[in-house]
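Me: Hey, I've got a protein open on my screen and could use some help finding my way around. Can we go through it bit by bit?

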Amino acid sequence: MQSIFARNGFETPEPMEAQVKGSIPPWLQGTLLRNGPGLFSVGDSEYNHWFDGMSLIHSFTFGQGQVTYRSKFLKSDTYKRNIKANRIVVSEFGTMIYPDPCKNIFSRAFTHLSNIIPDFTDNNLINIVRYGQDYYASSEVNYMNQIDPDTLETIGRINYRNHIALNLATAHPHYDNEGNTYNMGTSIVGMGLPKYVIFKVPADTSDNKKPALRKVKQVCSIPFRSTLFPSYYHSFGMTENYVVFVEQPFKLDIVKLATAYFRGVNWGSCLKFDKDDITLFHVIDKKTGKANSTRFHGDPLVVFHHVNAYEAEGHVVLDLIAYRDSNLYEMFYLHNMRQETEALVESNRNSSPPVCQRFVLPLHVSKDAPGGSELVTLTDSTARAVKHEDGSVYCRPETLFEGLELPAINYGFNGKKYRYFYGSRMEWSPHPNKIAKFDLVTREHVEWQQENCFPSEPVFVASPGAVEEDDGERRVPFGIRSRISPVLIRPPSVRLSGVILSSVVSPDPNISPFMLVLDARNLEEVARASIPASVHMDLHGLFIPAPV
């Protein structure tokens, strides 16, 4: 049954109209782009890890109550080289590739030498990100591929290094209210002292014929705490005034990375979790680029996704999904993914579940506060921050919810105090089988589930004129015709619910893939749009509203 996740996907290059059951809100206009691995073998060669599969990009376009679907493989240099050779010739993080023994000795020697300093793949399979008005398929390396969000055509590859000194960068940037993009990257070799770099790309880059990245500005840099062991990070937090970076003890061994090819191991094996180390929390002022002088630290953890962060009464509140080990990466090796359900459950029984935790970091720590002082003064959290004699602050989190990953919020509340978050329930498999909504005030949750169905990461889309966080209340003057509906509006207040979107796949041949539309208030199904084509499980994506 798990084999549906590791089989090769197929392109649907021309728009295909879905069959809608229910009623898609007429205000829902725009395109949901999704990205994820979709091709796991080429010729007789096969990848080892699910995160190695070649990028397959999907689009679901909403308009006038209808949905159209299309998908295309990202035509990266990696894709082109693999397809031309009819075998996998470019290494990925879980799959190291060696020269074809049929090649001559000079060709093989050149390949060996080129791997002394690895030039990473441009198979950008993780997310869709925006810089200025440019949209890119992105992963965590120095390359991205620009795409046309309407046709899904690959426009061309861009290298961060041509604009800012980075070897790696996240695929989870933040966007502020002005449309500026903030992101983080890592500078390892050949670019001065190794460091983490926070950077900003302005919303208005004027000349659309040139890449928006040409206007990139460094906000600040943070030195590694250990020169040869930088922390791995998949995302970071951002409030209205601060960037929050979690320097976790899940580390990349630079020496092992540089020698992986010659030792016959993949790059993924160079990531190790140090259970005896601590976690550091860096709080950086977005305007000045200066880090808070307090050394915030906590117990060892592994984090891939942040939920949200905000400022409250002199504190930064940071919500994230934490693990007590790094076993999640191991679960996605294809030999594990292809196990039947019972075997998968048994093999993952002792793995760390994802836990949503809340950390509270006091921004103003008095030098006169004695050691052992509790510094958190918020009344709505049990998280603790205790000052040590050396002036550092030990942070102990509050547990909010267990068994949820791929978190999503109403992005209008990103960096602000919020009440609700959504996510994928992960109770026995690395792939989700439910969608959940969690209320941070009542600490209750509701779920959507359909037997033998696997939903992708939920995406929140706010209704027009939304005021309430999870639905939106729109005031319409008495007797005025709303642009949402052609009929006369009588009530003085019309509630327009925001929606949750999720692409759903199933191993059951009687269940077509479908785009699920849920009421964001209660997760009740509003509509589903069945796709008469193959749709593959994806990772992350971005909703682009239609031009007004």
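Reply: Sure. Keep in mind that this is a predicted model. Let's start at the hairpin of strand 23 and strand 24, where 2 residues sit between the strands and Glu313 takes a positive phi near 50 degrees.

Me: OK, and how many bridges join strand 23 to strand 24?

Reply: There are 8, and the two strands run antiparallel. To pick out one pair, Tyr310 has Val317 in strand 24 as its bridge partner.

Me: What holds paired strands together anyway?

Reply: Strands of a sheet pair through backbone hydrogen bonds.

Me: Back to strand 23. How many of its residues are buried?

Reply: 10 of the 11, so strand 23 is largely enclosed by the rest of the structure.

Me: And what comes after strand 24? I see a loop there.

Reply: That loop runs between strand 24 and helix 4, and Ser326 lies in it.

Me: Is Ser326 buried or exposed?

Reply: Buried. Its relative accessibility is 17%, and the cut-off for buried is under 20%, so Ser326 counts as buried.

Me: Which residues does Ser326 touch, leaving aside its neighbours within four places in sequence?

Reply: Ser326 is in contact with Phe250, Phe273 and Val302.

Me: New topic: holes! How many cavities of 30 Å³ or more are there?

Reply: The structure holds 1. Its volume is about 840 Å³.

Me: What lines that cavity?

Reply: The lining has 43 residues, and Phe51, Ile126, Glu140, Tyr232 and His234 lie nearest the centre. Strand 23 and helix 4 turn up again here: they are among the elements that give two or more residues to the lining. The others are strand 12 (168–169), strand 19 (250–252) and strand 29 (404–408).

Me: How does the lining divide into nonpolar, polar and charged?

Reply: You get 27 nonpolar, 11 polar and 5 charged residues.

Me: Last thing, the sheet with strands 8 to 11. What order are they in?

Reply: The order is 8-9-10-11, in an open sheet with antiparallel pairing. Strand 8 (127–131) and strand 11 (154–159) are at the edges with a single partner strand each, so one side of each has no neighbour in the sheet. On average, neighbouring strands of this sheet are turned by 35 degrees against each other, direction ignored.

Me: Which strand does strand 11 pair with?

Reply: Strand 10 (residues 143–147), in the antiparallel sense over 5 bridges. If you want a spot to zoom in on, Tyr143 stands opposite Asn159 in strand 11.

Methods:
Residues numbered from 1 in each chain as written. Predicted model: local features only at pLDDT ≥ 70, side-chain atom pairs only at ≥ 80, totals over all residues. Heavy atoms only, no water. Pairing = 2+ DSSP bridges. Helix = DSSP H or I, 4+ residues; strand = E, 2+ residues; numbered from the N terminus. Axes fitted to C-alpha atoms, helices over the stretch in contact; angles between N-to-C directions. 1 Å grid on protein atoms, 1.4 Å probe; cavity = no way out; pocket = protein on both sides within 12 Å on 5 of 7 lines; lining within 4 Å. Points joined across faces, edges and corners; volume = space filled by probe spheres on them. Nonpolar A, V, L, I, M, F, W, Y, C, P; charged D, E, K, R; others polar. Buried < 20%, exposed > 50% of the residue type's maximum accessible area, 1.4 Å probe, protein only. Contact = heavy atoms within 4.5 Å.
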